[in-house]
Amino acid sequence: MAPEKVSLPPFQALVDAHWRDVARLARALAGPVDGDDVAQRAWEKAFAAYPGLTSAKNLRSWLLTITARCATDVHRARRPQSPLDEAPPITVDGPDAANWPDPDLWQAVNELPERQRFAITLKYVGDLDHHGVAAALDTTPAASRRLVSDALATLRTKLGVHL
């Protein structure tokens, strides 16, 4: 049985409605240096997949999930690789948190484990609920809540915030 044909808005309407969200999340997850590249790659992937969508529900979350996965790819590419010979490995530094608003907060966010960093960024920068965060990270909403909770606890401790 073939999937039902769904009526999707023109892709440009999707771009017009959500480009700020995609750009903001990409910069938050990948940093100011790689954020624009991540956003561009996310739009490329979305454009390629758009005609095959079987639902027009929650296109914003769909776009932000693609953006988060593109940022994950960038972070994985940054990890130092084992050298093929005796030459010293080449590493790429992440974005400098000192150039961001509230550099202490962003430095602390940068130091979180990757999944916690992505979860808290998707939740508070991407404005996704725990179901959206879970979809972006290929986990459950309960695990998403735990990742965000652990990240917040770590940030409160590092920044000396007591509630």
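Let's start at Asp-127, which counts as exposed because its relative accessibility is 56%, over the 50% cut-off. This is a predicted model, by the way, so please hear every value today as computed from it. Where does Asp-127 lie? The residue sits in the loop that joins helix H4, residues 114-124, to helix H5, residues 130-137. Its backbone is worth a look too: phi of Asp-127 is positive, about 60°, although the residue is not a glycine. As a reminder, most residues other than glycine have a negative phi.

Now move along the chain to Asp-138. Here again phi is positive, near 55°, in a residue other than glycine. Asp-138 belongs to the loop between H5 and helix H6, which covers 141-159. Is Asp-138 buried or exposed? With a relative accessible area of 62%, Asp-138 is exposed.

Let me step back to the whole chain for a moment. There are six helices and zero strands, so if you read the elements from the N terminus on, you get α-α-α-α-α-α. The chain has 163 residues, and buried ones make up 38% of them.

On to helix H1, which I enjoyed looking at. H1 runs over residues 11-49, 39 residues in total. How far apart are the C-alpha atoms at its ends? Only 11 Å, whereas a straight helix would reach 57 Å at 1.5 Å a residue. If you follow H1 on your screens, go to Gly-31: a kink of about 130° lies there, shortly before the proline Pro-32.

H1 also packs with helix H2, residues 59-78. The angle between the two is about 140°, and their axes are 10 Å apart. Why do I call H1 oblique to H2? Because 140° falls short of the range over 145 that would count as roughly antiparallel, H1 is oblique to H2. As for the residues of that contact, they divide into 20 nonpolar, three polar and eight charged.

While we are in H2, have a look at Thr-67, which has its place in this helix. Thr-67 counts as buried, at 0% relative accessibility. What lies 2.9 Å from a polar atom of the Thr-67 side chain? That is the backbone oxygen of Leu-63. In general, an α-helix has 3.6 residues a turn, so residues three or four places apart point the same way.

Finally, three pairs to find with your distance tool. The first begins with Arg-24 in helix H1, which is partly exposed at a relative accessible area of 41%. Arg-24 and Gly-126 are 102 residues apart in sequence, yet 7.5 Å apart in space, C-alpha to C-alpha.

The next one takes us to helix H6, the place of Ala-151. Ala-151 is buried, with a relative accessible area of 0%. Its partner is Ile-120, 31 residues away in sequence and 6.7 Å away in space, again C-alpha to C-alpha.

And the last pair starts from Ala-134 in helix H5. Ala-134 is buried too, its relative accessible area being 2%. Between Ala-134 and Ser-144 there are 5.4 Å in space, C-alpha to C-alpha, and the two are ten residues apart in sequence.

That's my tour, and I'm happy to go back to any of these spots with you.

Terms used. Residues are numbered from 1 along each chain as its sequence is written. This is a predicted model: local features need pLDDT of at least 70, side-chain atom pairs count only at pLDDT 80 or more; totals for chains, interfaces and linings use all residues. Side-chain values use heavy atoms; hydrogens and water are left out. Helices (H or I, at least four residues) and strands (E, at least two) are DSSP runs, numbered from the N terminus. The expected span of a helix is 1.5 Å times one less than its number of residues. The bend at a residue is the angle between axes fitted to the seven residues ending there and the seven starting there. Axes are lines fitted to C-alpha atoms, for helices over the stretch in contact, and angles run from 0 to 180 degrees between N-to-C directions. Angles under 35 degrees count as roughly parallel, over 145 as roughly antiparallel, 65 to 115 as roughly perpendicular and the rest as oblique. Ala, Val, Leu, Ile, Met, Phe, Trp, Tyr, Cys and Pro count as nonpolar, Asp, Glu, Lys and Arg as charged, and the others, Gly among them, as polar. Buried means under 20% relative accessible area, exposed over 50%, partly exposed in between (1.4 Å probe, protein chains only). A polar contact is a pair of N or O atoms within 3.5 Å; within protein, one must be able to donate a hydrogen and the other to accept it, and residues adjacent in sequence count only if both atoms are side-chain atoms.
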